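Please look over the sequence and the 3D structure shown below, and then follow the report, which goes through the model one region at a time.

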Amino acid sequence: ETTPAPNFIRNQVRDEIAGGQVTKIVTRFPPEPNGFLHIGHAKSICLNFGLAEQLGGECHLRFDDTNPAKEEQAYIDAIKEDVSWLGFEWAGPVRFASDYFDQLYAWAQHLIREDKAYVDDLSPDEIREYRGTLTEPGKPSPYRERSAEESLDLLERMRNGEFGEGEKVLRAKIDMASPNINLRDPILYRIRHAHHHQTGDKWKIYPSYDFTHGQSDAIEGITHSICTLEFEDHRPLYEWFLNNLPVPAKPRQIEFARLNLDYTLTSKRKLKLLVDEQIVDGWDDPRMPTISGMRRRGYTPASIRKFCEMIGVTRSDGGLVDIAMLTHAIRSDLEDNAPRAMCVLKPLKVVLTNVPEDHEEVYEVPGHPARDDMPMRKVPFGRELYIDQDDFMEDAPKKFFRLAPGKEVRLRNSYVIRCDEVIKDDAGEIVELRCSVDFDTLGKNPEGRKVKGVIHWVSAAHGVPMEVRLYDNLFMVEQPDRDKDVDFLEHLNPESLVVCNAIGEPSLASAAPEDRFQFERVGYFCADRHVSTNDHLVFNRTVGLKDSWAK
Ligand code: ATP
Ligand code: MG
Ligand code: MG
């Protein structure tokens, strides 16, 4: 039904394989373990792992761990779990850029010996100032011409912790007048007296992203190093390192447009703020666009992978992707695969006055209207039921085809009932409806009149109480972080979570964490993977029933 969108990288690699320039592709997904993965990362995961899967290659999982201050083991664990959950397998062990610190250090010494790198004593502010601007060339540091011998010695002492943070850096000696600022003697090493989650206290200096990435790709034999467009003007630097070091391979960097989704933040830093400020219930809060949040919300791996196929891969910034496309992907998956059940979110009691108290009746109902491989459900009926408050109106307009005083409606899978009496409490709140059943309407139309409406219901004697969490967008505006002068927190949706004390049909009683259902006429729901138990069921609304995605 949905045709995959163009993926220019896949087309290009297919041509390379057909033309014999490449025999086996090797890609990598290189997250920094400084937060949880989000839907933007899913695009990169599906691209890198997908290429390997579809074109007979392999994909590595490599943690880009050069900034120990912001990184944590917990993030490493979460990232591995997310990639696996999406259904991808990395080739070989989990890799770390820090596995290559010794090699990178040796290569830094190599550049110094070749007169292509030097230790600089300028302060970070001075370095910035000397670097120049887009319109003004940079000027050389007074330390640029220091001897290789001296730089080698200083680098060794930086590594041994003899200097404080910010006192010295190692820089490549490229071109202070280059129109590309990335080539104006970029920093290769910084002093950081930080404990590293992989290397412990071994290092007092850490390599920069630019000095690490391409060489790590080369060491691993990566053929296509795929990254987002912000790195386009880092490519000359990526290539400079590969051309000036005795690396074992020459990977190629290819850029693509990052995913931006409306009503959604895709910045780890901002998502971390939501977590740290306790605006959400952790990184995997079902409102978070993190992979683990979407999982908890009820998204399936297949739906996320399908979404990533639908958006395609281009080099031009595609603007904002409509979140309706994402919800379409999960909705169509659940429509096909989620069993049905009846659940009343806002219960209103109905007493069927012409049904005896000891009346017993159970309907055998298909688990799914189009899936006879799914087990039938048993739906008990009795004298007392619950319907949803929204399915009754005391002063109903003509077009209201649900229940109203004196009006009839069909109970789904059951009889037509008529509302005879409305019972209120002292405060005037409706607390109960007295209705009567037309016993001649089971599986057939009533005599001599049309009853248009069908509503869902649950037998009061058999219904299962449950907590239902109705989630909505976390932000009320399309681009919460567009305006730099407005705090994105101002755009938080105060109704992003509404909790209901609902009553569900008995087939829901044994729901296991992560079981997904369509609550008929209501939406798609998933039993919370952390807190739902059979003693206290908790369902999260994944998505409503109405699809607003226009192709
Ligand atoms: P963030 O900006 O959220 O911190 P990042 O790029 O700094 O993301 P990394 O951990 O370095 O986070 O990302 C790993 C990979 O995922 C990178 O190759 C990056 O290009 C890619 N990626 C990150 N965000 C997106 C996005 N919105 N769309 C597509 N790819 C993305
Ligand atoms: Mg990054
Ligand atoms: Mg970042």
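## The shell around the ligand

In this predicted model, α2 (39-54) and β8 (224-228) each supply at least two residues of the shell around ligand 1. The largest share of that shell comes from α2, which gives four residues. In total, 15 residues surround ligand 1, and the closest are Pro31, Gly40, Ser44, Arg258 and Lys268. Sorted by chemical character, the shell around ligand 1 holds four nonpolar, six polar and five charged residues.

The UniProt record, in an unreviewed entry, lists residues 31-41 as "short sequence motif: 'HIGH' region". In the model, the span of residues 31-41 is 27% helix and 0% strand, and its end C-alpha atoms lie 8 Å apart.

## Two annotated binding-site residues

The UniProt annotation "binding site", again from an unreviewed entry, covers Asp64 and Tyr209. These two residues span 146 residues in sequence, yet their C-alpha atoms are no more than 7.9 Å apart, so they gather at one spot.

Where does Asp64 sit in the chain? Its place is in the loop between β2 (58-63) and α3 (73-85). Asp64 has 20 other C-beta atoms within 10 Å, and because a residue with 20 or more such atoms counts as buried, Asp64 is classed as buried. Leaving aside neighbours within four places in sequence, Asp64 is in contact with Pro30, Pro31, Glu32, Ala97, Tyr209 and His213.

Tyr209, for its part, lies in helix α7 (residues 209-220). Tyr209 is partly exposed, with 17 other C-beta atoms within 10 Å. When neighbours within four places in sequence are again left aside, Tyr209 is in contact with Asp64 and Thr66.

## Pro207 and its surroundings

Pro207 lies in strand β7 (residues 205-207), and with 25 C-beta neighbours inside 10 Å it counts as buried. Leaving aside neighbours within four places in sequence, Pro207 is in contact with Thr66, Leu104, Leu188, Tyr189 and Thr212. Pro207 can also be set beside Ser548, which is 341 residues apart from it along the chain, and the C-alpha atoms of these two residues are separated by 47 Å.

## Strand β5 and its partners

Strands of a sheet pair through backbone hydrogen bonds, in either a parallel or an antiparallel manner. Strand β4 (residues 117-120) and β5 run antiparallel and are joined by four bridges, with Ala117 standing opposite Ala172 in β5. Three bridges join β5 to strand β6 (residues 187-191), and this pair also runs antiparallel. Here the bridge partner of Val169 is Arg190 in β6.

Are the residues on the two faces of strand β5 (residues 169-172) buried or exposed? Val169 and Arg171 on one side, and Leu170 and Ala172 on the other, are all buried, and both faces of the strand are therefore covered.

## The seven-stranded sheet

An open sheet of seven strands has the order β10-β23-β24-β25-β21-β22-β11, and its pairing is mixed. At the edges stand β10 (340-341) and β11 (343-344), each with a single partner strand, so one side of each is left without a neighbour in the sheet. Helix α12 (residues 323-337) packs on this sheet, touching β23, β24 and β25 (537-544), and the direction of the helix makes about 120 degrees with that of β25.

Several of the pairings can be followed through individual residues. Strand β23 (residues 516-519) and strand β24 (residues 523-527) pair in the antiparallel sense over four bridges, and Gln518 stands opposite Tyr524 in β24. Strand β21 (residues 464-471) and β22 are likewise antiparallel, paired over eight bridges, with Ile503 in β22 as the bridge partner of Pro465. Finally, β11 and strand β22 (residues 497-504) pair over two bridges in the antiparallel sense, and in this pair Cys343 stands opposite Gly504 in β22.

Technical notes
Residues are numbered from 1 along each chain as its sequence is written. Chains are lettered from A and ligands numbered from 1 in the order in which they are written. This is a predicted model: local features need pLDDT of at least 70, side-chain atom pairs count only at pLDDT 80 or more; totals for chains, interfaces and linings use all residues. UniProt positions are given in the numbering used here, feature names are shortened, and annotations may be inferred rather than shown by experiment. A residue is buried if 20 or more other C-beta atoms lie within 10 Å of its own, exposed if 12 or fewer, and partly exposed in between; C-beta atoms are placed from the backbone. Two residues are in contact if their C-beta atoms, placed from the backbone, lie within 7 Å. Two strands pair if DSSP finds at least two bridges between them. Axes are lines fitted to C-alpha atoms, for helices over the stretch in contact, and angles run from 0 to 180 degrees between N-to-C directions. A residue is near a molecule or strand if its C-beta atom, placed from the backbone, lies within 6 Å of it. Ala, Val, Leu, Ile, Met, Phe, Trp, Tyr, Cys and Pro count as nonpolar, Asp, Glu, Lys and Arg as charged, and the others, Gly among them, as polar.
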